[in-house]
Amino acid sequence: MGITTGTTTVSISHGWYGKPVEAEEKLRIFRLDNDEITYAMAVTEEGYLLHAYYGARCGEDDLSYLLRVQESPFTPRILKREQASFMDGRAFEYPCHGIGDYRESCFMIMDEDGMSACDLRYRSHHIAAGKPALRQKGVSCIPATFAGEDEADTLVIVMEDAHAGLTVELSYTIFKNLNVITRSAKVVNHGEADVRLSRVLSACVDFEDCDYDMITLNGSWARERIMERAPLHHGKQSVDSARGESSHQSNPFVALVSHKADEETGEAYGFNFVYSGNFFAQAEVTQHKHTRFVMGINPYDFSWLLRTEEEFAAPEVVMVYSNEGLGKMSRTFHDLYRNHLIRGQWKDKKRPVLINNWEATYFQFDTDKLISIAKQASELGIEMLVMDDGWFGHRDSDNSSLGDWFVYEEKLKGGLPNLVSEVNKLGMKFGIWFEPEMVSPDSKLYEEHPEWAIQIIGRDLTQSREQYVLDYSNAEVRDYVYGMMRKILDASNIEYIKWDMNRQLTEVGSTFLPGKRQRELWHRYVLGVYDLMNRLTTDYPYILLENCSGGGARFDPAMLYFSPQIWTSDDTDAIERLKIQYGTSLCYPASAMGAHVSDCPNHTVGRTTPFATRGDVALVGTFGYELDVTKIPQADREAIPGQIAKFHRFNPLVRTGDQYRIGNLYADSSFDAWMFVAKDKSEALFTFVQVLARPNYPSRSIKLKGLDPKKTYEIEETGQRVSGRTLMNAGILVGTYGDFTSKTLYLKAVE
Ligand code: DGJ
């Protein structure tokens with residue numbers, strides 16, 4: 001158990017055209033094991049780090065035979081191995097560019113002579129209990145998972161390119177009780193010359209075969225993280241972002257799963273990148289029908305100058321293995337993120353039921369309007385009012401005032417402290433919206449500091465949502481914005497922040513960085529965002545931070561490091577949300593999904609759904625309301641206290657339990673169903689949503705999941721007592737009447 005290393009000797013043989021070569025080779029072996037998984041590597045005599053195995057736990061055998069040292073070269077040489085064929089065919093842990101491995105590489109440099117090849121060889125290694133934080137000199141914070149000394153072990157293999165004077169430290173952490181390995185890479189320049197890093201990916205896994213489907217989460221605004229699944233084929237298939245954020249269009253998540261893998265069976269290798277900027281994830285099926293999977297910062301338009309003794313830390317890739325299908329893969333991600341990524345005082349707490357005024361009023365609100373919403377809301381049991389966009393500068397629409405983080409007095413008559421205290425008097429908390437990374441051309445900030453926008457001097461600057469992006473590589477900009485935020489936060493009792501980010505980057509240039517470092521801006525921008533979020537969460541630990549990016553464009557693990565919840569999508573329609581929340585649940589826990597009940601017809605799709613269904617779908621998340629409670633139909637208003645009671649009752653189960661997906665609209669567009677089961681299997685909540693009603697089919701038979709077969713459960717709504725075995729094997733009969741209807745069943749173990 002843990003990390004072991006040793007040596008072994010293997011024979012290698014190759015040779016065509018009558019020049020056979022037989023030789024022996026001494027290998028240094030590394031193995032990472034927990035009860036359920038094994039990851040094995042070997043270092044050759046030349047110092048190459050080869051991948052041997054990743055998957056279900058193996059016996060205590062010498063796994064070096066998996067290295068396939070048998071070669072079939074094109075032109076044999078007298079050397080021990082035919083090098084080019086070796087480089088292009090073997091499984092490498094961290095492949096380098098330019099030395100004969102023509103598959104996608106993880107590492108590429110440009111030295112002072114303009115040369116790009118690099119050659120990393122083993123130099124040393126060390127093993128530590130626990131998981132050291134990911135650090136880079138001069139960088140305040142790099143999000144990553146964490147673990148105590150008895151929860152994980154970490155192996156660091158130091159590779160060296162002696163010619164370039166560089167080392168690359170490859171970190172591997174294996175978690176003891178989770179099927180998780182995390183990886184990252186840190187480059188250090190020990191040489192005397194500057195080196196330019198052209199790509200520094202974080203992980204590579206060379207699979208032995210290509211019999212996998214690739215699952216990705218793609219979409220657009222208001223339809224984020226829609227699952228796509230396709231068999232791998234020869235060549236390269238990838239997802240990426242080159243927009244400066246993890247993006248609506250693709251999420252930094254990929255799973256490679258066996259063709260027949262479903263929710264319960266088959267192998268699934270999940271990969272998730274703990275990063276909020278440009279990413280790249282690619283599976284490549286090679287000439288030998290192996291698969292190379294790589295993930296890391298997108299090399300597109302990336303370049304980083306590394307001077308002597310400087311270092312560069314590539315963010316972390318989380319790798320989850322399951323041989324019990326997608327369901328177990330997801331539950332492992334959920335447990336990892338809930339216990340080893342999300343931090344802060346709100347991490348394990350039920351979040352306040354909030355009402356957000358965005359869909360209720362957009363920009364047209366004032367103190368009186370907000371108080372009228374809060375009054376009604378507080379009477380119904382809602383616990384927090386969130387004032388969304390439009391409270392600052394002179395903002396009446398999206399065309400001004402970003403960057404002017406002082407109160408719009410005409411709207412908030414009496415000021416913010418007055419509004420907050422009025423809301424507090426109603427027994428409610430108060431939350432506020434910021435978009436700290438942006439500046440409007442029509443703002444005081446831009447008037448005073450046009451040079452603080454990301455720009456290329458002399459070129460027209462592209463507007464998007466009539467705004468520019470601030471240059472967060474510049475600490476002065478961050479300090480200034482933070483100073484304004486602090487004034488607001490210190491003056492009133494603000495207990496929640498929604499941090500929004502509503503545009504992608506263009507004309508990526510900085511008036512602050514020197515010419516040689518301009519291409520670093522993509523990454524420095526993200527590091528700047530982390531820096532400010534880190535300061536905010538450190539200085540105001542009691543504030544509940546919710547991330548948001550035009551809906552869910554930055555729903556990634558790095559954001560979860562700072563905020564326990566993220567706004568999932570601007571699409572609040574209960575039916576659209578089924579696909580969005582399903583895709584999101586592949587790797588992110590329900591405890592992190594911002595989900596609200598909104599008014600109908602829905603603002604994004606115009607659909608009308610029953611209020612009860614909207615509530616049941618929003619229960620799979622942080623739960624709240626996004627509507628004008630003073631205007632909705634009386635029947636809906638009357639339903640709110642019941643919905644809130646349901647949230648208070650079941651949220652602990654949803655937040656901490658195991659999620660089992662039963663139906664999904666990808667497989668059958670007529671219904672969706674899921675369960676949350678307590679870790680000790682003592683209780684469960686089953687939810688069913690009928691998208692389209694079917695005539696003459698009063699009910700469906702649905703097999704439940706995740707229960708204890710030996711326990712008997714009482715179904716509260718029917719009073720029936722049935723064993724877990726029967727409920728899972730024979731199922732239950734569920735029926736509802738009407739399109740878009742839903743039903744929940746609560747199961748309690750009674751014996
Ligand atoms: C995008 C967010 O996703 C919305 O919820 C809202 O906050 C708007 N921005 C405000 O501009």
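**Figure 1. Gln690 and Thr741 in the antiparallel pair β33-β38.** In this predicted model, Gln690 stands opposite Thr741 of β38. Strand β33 (residues 683-690) and strand β38 (residues 741-749) run antiparallel and are joined over 8 bridges; two strands are taken to pair if DSSP finds at least two bridges between them. Helices (H or I, at least four residues) and strands (E, at least two) are DSSP runs, numbered from the N terminus. Residues are numbered from 1 along each chain as its sequence is written. Local features need pLDDT of at least 70, side-chain atom pairs count only at pLDDT 80 or more, totals for chains, interfaces and linings use all residues, and side-chain values use heavy atoms, with hydrogens and water left out.

**Figure 2. The open sheet of 6 strands and helix α12.** The strand order is β31-β32-β33-β38-β35-β36, with antiparallel pairing. At the edges are β31 (658-661) and β36 (721-723), each of which pairs on one side only. From one strand to the next, the twist averages 25 degrees. Helix α12 (residues 634-656) packs on this sheet and touches β31, β32 (671-677), β33 and β38, contact meaning heavy atoms within 4.5 Å. The direction of α12 makes about 105 degrees with that of β33; axes are lines fitted to C-alpha atoms, for helices over the stretch in contact, and angles run from 0 to 180 degrees between N-to-C directions.

**Figure 3. The open sheet of 9 strands and helix α2.** This antiparallel sheet has the order β6-β7-β8-β9-β19-β15-β14-β11-β12. Its edge strands, β6 (121-129) and β12 (223-231), each pair on one side only, and the twist averages 20 degrees from one strand to the next. Between β6 and strand β7 (residues 152-161) there are 8 bridges in the antiparallel sense, and Ile127 stands opposite Leu155 in β7. Helix α2 (residues 325-340) packs on the sheet, touching strands that include β8 (166-175), β9 (180-189) and β19 (311-322). The directions of α2 and β19 make an angle of about 135 degrees.

**Figure 4. Helix α10 and its burial.** Helix α10 (residues 574-585) packs on the sheet of 9 strands, where it touches β11 and β12, and its direction makes about 65 degrees with that of β12. The 12 residues of α10 reach 16 Å from first C-alpha to last, close to the expected 16 Å, which is 1.5 Å times one less than the number of residues. Because 10 of its 12 residues are buried, α10 is largely enclosed by the rest of the structure. Among them are Ile575, Arg577, Leu578, Tyr582 and Ser585. Buried means under 20% relative accessible area, exposed over 50%, and partly exposed in between (1.4 Å probe, protein chains only).

**Figure 5. The surroundings of His334.** His334 lies in helix α2 and is buried, with a relative accessible area of 4%. Apart from neighbours within four places in sequence, His334 is in contact with Ser585, Cys587, Tyr588, Pro589 and Gln659.

**Figure 6. Leu416 and the nonpolar cores.** The largest nonpolar core has 186 residues, and those with the most contacts inside it are Phe107, Trp391, Leu416 and Tyr625. Such a core is a set of buried Ala, Val, Leu, Ile, Met, Phe, Trp, Tyr and Cys residues joined through side-chain atoms within 4.5 Å. Helix α8 (residues 521-539) gives the most to this core, with 10 residues. Beyond its neighbours within four places in sequence, Leu416 is in contact with Met387, Val407, Phe430, Ile432, Ile488, Ser492 and Ile494. A second, separate core of 21 residues includes Ala673, Ala684, Ile715 and Val722.
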